[in-house]
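Let's take a walk through a protein together, starting with the whole chain and then stopping at a few places along the way. Have the picture at hand as you read.

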Amino acid sequence: MKSFRHVFMSTDAAGGVWTYALDLVRALAAHGINVTLGVLGPSPSLAQQREAAAVASLDLQIIGLPLDWTATDLNQLDEVSSGLQQIASACGADLVHLNAPAHSGRRSWKLPLVVTCHSCVATWWRAQSKHDLPPDLQWRRNCTEAGLRLADKVIVPSYGFAHMLQQEYGLQPHLTVVLNGRIEPESSRRQPSHILIAGRLWDRAKNVTIIDEAADRAHLLVRAAGPVASPNGEHAQLHHLTTLGVLSPAQLSEEYADAKIFVSVPLYEPFGLSVLEAAQHGCALVLSNISTLRELWSDAAVFVDPHDAEQLTNCLQRLNRDADLCRSLGRRAAEIARRYTPERMLVGTLRAYNDAVASHFSSMSEHCGDVR
């Protein structure tokens, strides 16, 4: 079987995909595998570039091509795919790992192709609406489907999300679940004082407005880390949260260390890296009662109906008054968080890489046989 020593990986700097990619790149580097990391969409911040520069074997390339959800049409996504194929070939990669299926395009790749599907517009939409996909999402959904079928191997971060994808796109025999992992934080637990949320505050599927309402009802200080505006102009209207903006990893770690309760009540969440980070810091978790979060944090959190502001309000008030319960939940969350390590993520990813290499060259052999 052909081996791989150089991976071309795509990412973006707008959210959790950057965190996932950097953690995976560090783990691959420790395993002797070099990575060229191509950044699509907005350029990484100076803090993010310093993060990447700390990985000695990483070649960071700021590509600037559109993200799958900011591309304006099918032709633009085809151009993204062509551009990525050219870069992968030019950098001497022997395996490609894309972090968005739609960037695969509609043409076969010359190199083994692994795709991690962190999210998709169709399952995102169906989690929050009973209406059919609007036209602007339908063509993006079709591009995602094409990318999933082109890939030699598809990685997803939870079994619940794998089920969603199977329902949406049909049976995907080359799909595998590799749970995300995070490096344990260095900062120590301080005197917890407030309630925290973190993530893309503008994303309506994150359901932040119900936390905003609960903060008002409960008269509690809730600090909110993350962007309130999206790259394509969406903006969250939040009136009762203390918004902190986009924080550096060190600043966010300090927020987790100071928080006694972490709240995440999305309508849709394939994994939730911010939940894992909060759990690593020993925060008590208040989570949405949806299948993926139940799967990952079954007996280490308080689960609430993401549509019920009163239930959320009552839960936050009760936990805020009960320091012993908060500490107990925080200890249990930290215990469960130790399951989700970069080392375990690396093992699953390398298995997917090997499967992709075997599948790719097997398909090439079959094709050559057909031609003869």
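The protein chain has 13 helices and 13 strands. Its radius of gyration is 21 Å, close to the 21 Å that the globule rule gives for 372 residues, so the chain is as compact as a globular protein of that length. Keep in mind that what you see is a predicted model. Along its principal axes, the C-alpha trace spans about 75 × 45 × 35 Å.

Now think about inside and outside. Of the 372 residues, 55% count as buried. The outside of the chain exposes about 16300 Å², and carbon and sulfur atoms supply 49% of that area. As for charge, there are 33 positive and 38 negative side chains, and the centres of these two sets lie 4 Å apart. You can also ask how the chain meets itself: among contacts with a separation of 6 or more, 69% are made by residues 24 or more positions apart.

Let's stop at two helices. Helix 1 covers residues 16-30, and at 1.5 Å a residue its 15 residues should span 21 Å; the end C-alpha atoms are 22 Å apart, which agrees. Its buried residues include W18, Y20, L24 and L28, and the charged-type residue D23 is listed as buried too. Just after helix 1 comes G32, which has a positive phi near 85 degrees.

Helix 5 runs over residues 135-150, and its 16 residues reach 23 Å from the first C-alpha to the last, close to the 22 Å expected at 1.5 Å a residue. Which residues of helix 5 are buried? They are L137, W139, R140, R141, C143, T144, E145, G147 and L148. The cover over these buried residues includes helix 3 (74-90), helix 4 (121-126), strand 6 (153-156) and helix 6 (159-169).

Next, visit two strands. I261 sits in strand 11, which covers residues 259-264. Is I261 buried or exposed? With a relative accessible area of 0%, I261 is buried, because buried means under 20%. Leaving aside neighbours within four places in sequence, I261 is in contact with H194, I195, L196, A284, V286, L316, L319, N320 and C326. One of these partners, H194, is 67 residues away along the chain, yet the two C-alpha atoms are separated by 6.9 Å.

S288 belongs to strand 12, residues 284-288. This serine also counts as buried, at 0% relative accessibility. Not counting residues up to four places away in sequence, S288 touches S264, V265, P266, L293, F303, V304 and P306.

Finally, let's look at the backbone in two loops. Most residues other than glycine have a negative phi. N207 is not a glycine, although its phi is positive, at about 65 degrees. You will find N207 in the loop between strand 8 (194-198) and helix 7 (208-218). Its relative accessible area is 10%, so N207 is buried.

On the other side of helix 7, in the loop that leads to strand 9 (222-225), lies H219. H219 is another residue that is not a glycine but has a positive phi, of about 55 degrees. Where N207 is buried, H219 counts as exposed, at 70% relative accessibility.

Terms used. Residues numbered from 1 in each chain as written. Predicted model: local features only at pLDDT ≥ 70, side-chain atom pairs only at ≥ 80, totals over all residues. Heavy atoms only, no water. Helix = DSSP H or I, 4+ residues; strand = E, 2+ residues; numbered from the N terminus. Rg over C-alpha atoms; globule rule 2.2 N^0.38 Å. Buried < 20%, exposed > 50% of the residue type's maximum accessible area, 1.4 Å probe, protein only. Contact = heavy atoms within 4.5 Å. Areas by Shrake-Rupley, 256 points an atom, 1.4 Å probe, with all protein chains shown as cover. Charge placed at Lys NZ, Arg CZ, Asp CG, Glu CD. Expected span 1.5 Å × (residues − 1).
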